[in-house]
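Me: I have just opened this structure and would like to learn how its descriptions are justified. Could you go through them with me, step by step?

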Amino acid sequence: MAGAASTGRGLLISLEGGEGAGKTTVLGALRERLEAHGHRVVQTREPGGTPAGEAIRALLLDPAQALSASAELLLMFASRAQLVETVVEPALARGETVLADRFTDASFAYQGGGRGLPMALVAELERSFVRRQPDFTLLLDLDVAAGLARARARGGPADRIEQEQAGFFERVRAAYRARAAAQPERFAVVDAAQPVEAVVRDACAALDAFLARRGEGG
Ligand code: Z5A
């Protein structure tokens, strides 16, 4: 599967993590960093990121919906297919950098790890409908109990997936870590248990190191 780097087009950079890992906090800093390096940045989120994707997101996160695991997986990919075709690929073709708040790794972690669906099925959907992996993925790794405590402290009602038990989130974390360990050239793992400033510092340092490997200094 070709990454953007090998096509000479724009870059696809994704941010992943479990519940309460602090993605929202880190995204803004990564965007600023990329812009400082001269990148034109298009930010996306999943599920969602397009009008159709946001409607699918509402369905996916609605606690009143008793979705089967397969339906959940296919809806995640329906949202992703719409995003890839109408936002991600056009941006990459224009030479822009896509900063993705979750991408396909989330389906491997949540639907493969969390729900126990076959990883080969997720990989088949990726091959058929996404056709690329991120050039660089930052994984914010955090102990599940700490992440759930942060999410609870944030307040507000839990969505359908947030209502899952700790065991589900342990499997999600294990799947993310296994993917990062299997693809060290693509992933950087940041210890998200640290204070916010340290998480942001380490995330920006990992991004800088990736850009430096591509010959983008400073
Ligand atoms: N999902 C899936 O199952 N399959 C897929 O393929 C995809 C997604 C793409 C929605 O995703 C759900 O969809 C998600 C995965 C699933 N389900 N869950 N659970 P989302 O990304 O939109 O939702 P989320 O994971 O719940 O993200 P979030 O709510 O935006 O969380 P976050 O960005 O990681 O956390 P945060 O809001 O930045 O921080 C949480 C709180 O902790 C907040 O009060 C912060 O102030 C605090 N915080 C953050 N960092 C720190 C540090 N370092 N120390 C202390 N406190 C901190």
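Reply: Happy to! Let's start with one word: contact means heavy atoms within 4.5 Å. By that rule R179 touches D105, F108, Q133, R186 and F187, leaving out residues up to four places away in sequence. Keep in mind that this is a predicted model.

Me: Where is R179, and why is R179 called buried?

Reply: R179 sits in helix α8, residues 166–182. Buried means under 20% relative accessible area. R179 has 14%, so R179 counts as buried.

Me: What makes L125 buried or exposed?

Reply: The cut-off for buried is under 20%, and the relative accessible area of L125 is 11%, so L125 is buried. You will find L125 in helix α6, residues 119–130. L125 touches L73, L74, F77 and V130, again not counting residues up to four places away in sequence.

Me: How far apart are L125 and R179 in sequence and in space?

Reply: In sequence they are 54 residues apart, while from C-alpha to C-alpha the distance is 17 Å.

Me: Let's turn to the strands. How do you know that β1 and β4 pair, and in which sense?

Reply: Two strands pair if there are at least two bridges between them. Strand β1 (residues 12–17) and β4 have five bridges, and they pair in the parallel sense. Across this pairing, L15 stands opposite L138 in β4, and G17 stands opposite L140.

Me: Which other strands are joined to β1 and β4 by bridges?

Reply: On β1, four bridges lead to strand β3 (residues 97–101), and these two run parallel. There, the bridge partner of L15 is D101, and L12 stands opposite V98. On β4, five bridges lead to strand β5 (residues 187–191), also in parallel. In that pairing L139 stands opposite V189.

Me: What is the order of the strands in the sheet?

Reply: The open sheet has five strands in the order β2-β3-β1-β4-β5, with parallel pairing.

Me: What makes β2 and β5 edge strands?

Reply: β2 (41–45) and β5 each pair on one side only, and they are the edge strands. From one strand to the next, the twist averages 20 degrees.

Me: Why is β4 described as largely enclosed?

Reply: Count the buried residues in β4 (residues 136–141): six of the six are buried, so the strand is largely enclosed by the rest of the structure. The reasoning for β1 also rests on a count of six of the six residues buried, so β1 is largely enclosed too.

Me: Which residues point one way from each strand, and which the other way?

Reply: From β4, F136, L138 and L140 point one way, whereas T137, L139 and D141 point the other way. From β1, L12, S14 and E16 point one way, with I13, L15 and G17 pointing the other way. In a regular strand, side chains alternate between the two faces of the sheet.

Me: Which helices lie across β1, β4 and β5?

Reply: Helix α5 (residues 104–114) does, running at about 25 degrees to β1. Helix α8 does as well, at about 140 degrees to β4.

Me: Why are α5 and α6 called roughly antiparallel?

Reply: Angles over 145 degrees count as roughly antiparallel. The two helices pack at about 155 degrees, with their axes 9 Å apart, and are therefore roughly antiparallel to each other. Their crossing is right-handed. In this contact T104, S107, F108, G112 and G113 of α5 meet M119, V122, A123, E126 and V130 of α6. By class, these are five nonpolar, four polar and one charged.

Me: What makes α2 oblique to α9?

Reply: The axes of helix α2 (residues 23–36) and helix α9 (residues 196–213) come within 10 Å and cross at roughly 40 degrees. Roughly parallel needs under 35 degrees, and roughly perpendicular runs from 65 to 115. The angle fits neither range, so α2 is oblique to α9. The crossing is right-handed. Residues of α2 in the contact include T25, V26 and A29, and those of α9 include V196, V199 and V200. By class, the contact has 11 nonpolar, one polar and two charged residues.

Key
Residues are numbered from 1 along each chain as its sequence is written. This is a predicted model: local features need pLDDT of at least 70, side-chain atom pairs count only at pLDDT 80 or more; totals for chains, interfaces and linings use all residues. Side-chain values use heavy atoms; hydrogens and water are left out. Axes are lines fitted to C-alpha atoms, for helices over the stretch in contact, and angles run from 0 to 180 degrees between N-to-C directions. A crossing is left-handed if the near helix is turned anticlockwise from the far one by less than a right angle, and right-handed if clockwise. Ala, Val, Leu, Ile, Met, Phe, Trp, Tyr, Cys and Pro count as nonpolar, Asp, Glu, Lys and Arg as charged, and the others, Gly among them, as polar. Buried means under 20% relative accessible area, exposed over 50%, partly exposed in between (1.4 Å probe, protein chains only).
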